[in-house]
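Welcome! Here is a short briefing on the empty spaces inside this protein, with a look at one helix at the end.

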Amino acid sequence: MKIKKMILPLLLTIAVLISIFLSMTLWINPSRYQNVNKTNTNDDNEIYKKTLPYVYSPTQVIKNDYTGSSYVLTNQSVNLVSEIRLQMLNFSDLDFKKIDNNNLDKYKDFINRKNSLLLNYPDTVTTNILNKVLDNSLSKLPNVDFNRILIPLDDHKSIYLLRDDSYSVYKISLKNNNLDKIKNIISKDVRQIPVDISFENKKPTMVFTKSFYMPQYSYLYNTTSQNFFVNRLLPESNTSPKRHRDTTIYSDQDKRISFNDKNNEATYMDSMANSISSDLSQFLFQAYKNVSNLGLGNNLNSIRYFSYDDKNTDVIYRNYVEGFPIFDNNSYGAVQMKIIDNVSVRYNFSLDVLQTPLPSKKKDLKMISTKQVMNNLISLGYDKKKIGTIELGYQSIKSNSSDILINLKPTWFVQYNGKWLNYNKATQNQY
């Protein structure tokens with residue numbers, strides 16, 4: 001028994017030592033990254049090609065059973081979306097057609113279709129993006145926007161794409177969809193959380209109907225040195241940094257990068273060499289290629305597409321755990337790319353990179369229902385008209401006991417007047 005008790009602390013100690021060694025290597029010898037912007041071009045392209053299918057994969061799996069009840073599916077052992085994606089690589093499209101448009105009642109019927117699987121995106125994507133996610137297996141599809149993939153569990157020959165803003169439904173007839181293997185994936189070690197897909201202001205919204213429990217997590221993380229990004233993004237800069245309070249600024253003729261020394265966040269401004277297309281597919285491809293060229297390393301393996309705002313011309317990526325987004329103490333998630341006045345591009349990102357997940361000894365937390373969240377906010381004086389999306393996610397909290405440990409706590413997040421609020425913090429104040 002003593003040996004078993006020693007295994008976990010020993011593994012944790014080894015992981016911590018490895019992380020410290022890698023961090024010290026980067027801190028002590030940043031010069032090895034000089035001109036990395038030039039020498040690592042091929043590596044960047046390979047990273048981009050490898051990680052893009054995962055970054056633009058759906059983030060949530062919802063099962064509608066044969067009775068009409070709906071559940072969010074999670075699995076602590078495997079990534080359900082990744083496993084389903086592997087089976088979807090064998091899809092072969094034979095025919096594509098629009099079967100419904102601007103019919104809310106029929107759209108509701110499709111979203112709540114019995115005995116089906118919904119793969120949800122947090123925001124709009126395109127079939128061009130989906131084709132890349134599936135390694136060009138659906139290359140015959142015309143390019144259309146959509147938000148959800150519906151996989152009937154009783155039909156081997158069809159899947160459907162659903163578009164929320166126009167209630168459009170597209171049917172893809174298939175030669176093969178590996179349905180039996182997909183059924184097997186969603187039947188093993190899966191946690192089911194009851195939900196409803198309701199329509200608030202005629203927009204589909206996932207509502208958690210009952211209280212439920214969510215696990216807590218801990219991760220080792222590494223903080224990339226400022227020198228790494230300075231050498232990579234401003235290799236020609238010879239100017240000394242400027243410091244103002246908690247901010248350190250480096251710049252050259254048309255680029256600037258500033259670091260918040262207090263919270264390890266960076267803002268990088270770069271003049272646009274080429275215009276970026278307003279076409280959604282091209283914008284998302286270019287955005288992620290630009291983000292991958294920043295040199296965020298392992299962070300690219302865990303971030304997922306979170307939102308696109310065509311009015312502000314920006315895209316946000318977040319880290320995800322079991323299909324739920326991680327919210328840091330900032331508004332841009334893991335990384336944001338924003339076009340500024342059609343002249344330059346601004347990137348916001350964190351120097352902290354999640355690395356190794358560790359077993360957490362903390363108990364699962366009980367979460368209240370979505371309706372209770374809404375009622376509590378209104379009772380405290382929040383304006384119902386200003387309350388938008390209510391999202392279940394994880395708040396990252398740096399550990400007090402270790403400089404390289406982050407705890408992830410399940411928390412409700414509320415979009416209020418266009419900004420994301422941590423529900424726990426929001427309910428401490430009255431509006």
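The largest cavity encloses about 60 Å³ of space. Please keep in mind that this is a predicted model. The structure holds two cavities of 30 Å³ or more, and we will also visit the second largest pocket, which has a volume of about 750 Å³.

**The largest cavity**

- Its walls are formed by S57, P58, V81, I84, R85, M88, L119, L130, V133, L134 and I149.
- Two elements, α4 and α6 (127-133), each give two or more residues to this lining.
- Helix α4 has the largest share of the lining, with four residues.
- Sorted by class, the residues around the largest cavity are nine nonpolar, one polar and one charged.

**The second largest cavity**

- This cavity holds about 30 Å³ of space.
- Around the second largest cavity sit T74, R191, I193, M214, P215, Y217, E322, F324 and Y394.
- The class count for this lining is six nonpolar, one polar and two charged residues.

**The second largest pocket**

- In the second largest pocket, 33 residues make up the lining, and those nearest its centre are N79, Y219, Y320, V321 and E322.
- E322 therefore deserves a second look if you are browsing the linings, since a lining residue has an atom within 4 Å of a grid point: E322 appears in the lining of this pocket and also in that of the second largest cavity.
- At least two lining residues come from each of β1 (60-64), β2 (70-74), α4 (80-88), β11 (217-223), β17 (314-321) and β21 (352-358).
- Strand β21 contributes the most to the lining of this pocket, namely four residues.
- The pocket lining is made up of 16 nonpolar, 15 polar and two charged residues.
- Both domain 1 (58-209) and domain 2 (219-356) take part, each supplying at least three residues to the pocket lining.

**Helix α5**

- Within α5 (residues 104-111), the buried residues include Y107, F110 and I111.
- These three lie on the same side of α5, because they cover an arc of only 95 degrees around the axis.
- D105 and D109 are exposed, and they sit on the face of α5 turned away from its buried side.
- Where α5 starts, the backbone nitrogen of D105 has a side-chain oxygen of N103 within 3.3 Å.
- D105 thus appears twice in this picture, as an exposed residue of α5 and as the backbone partner of N103.

Methods. Residues are numbered from 1 along each chain as its sequence is written. This is a predicted model: local features need pLDDT of at least 70, side-chain atom pairs count only at pLDDT 80 or more; totals for chains, interfaces and linings use all residues. Side-chain values use heavy atoms; hydrogens and water are left out. On a 1 Å grid over the protein atoms alone, a cavity is a set of points where a 1.4 Å probe fits but cannot get out, and a pocket is an open set with protein on both sides within 12 Å along at least five of seven lines; lining residues have an atom within 4 Å of a point. Grid points are joined across faces, edges and corners, and a volume is the space filled by probe spheres set on the points. Ala, Val, Leu, Ile, Met, Phe, Trp, Tyr, Cys and Pro count as nonpolar, Asp, Glu, Lys and Arg as charged, and the others, Gly among them, as polar. Domain bounds come from an automatic or database domain assignment. Buried means under 20% relative accessible area, exposed over 50%, partly exposed in between (1.4 Å probe, protein chains only). The arc is that of the directions from the helix axis to the C-beta atoms. A polar contact is a pair of N or O atoms within 3.5 Å; within protein, one must be able to donate a hydrogen and the other to accept it, and residues adjacent in sequence count only if both atoms are side-chain atoms.
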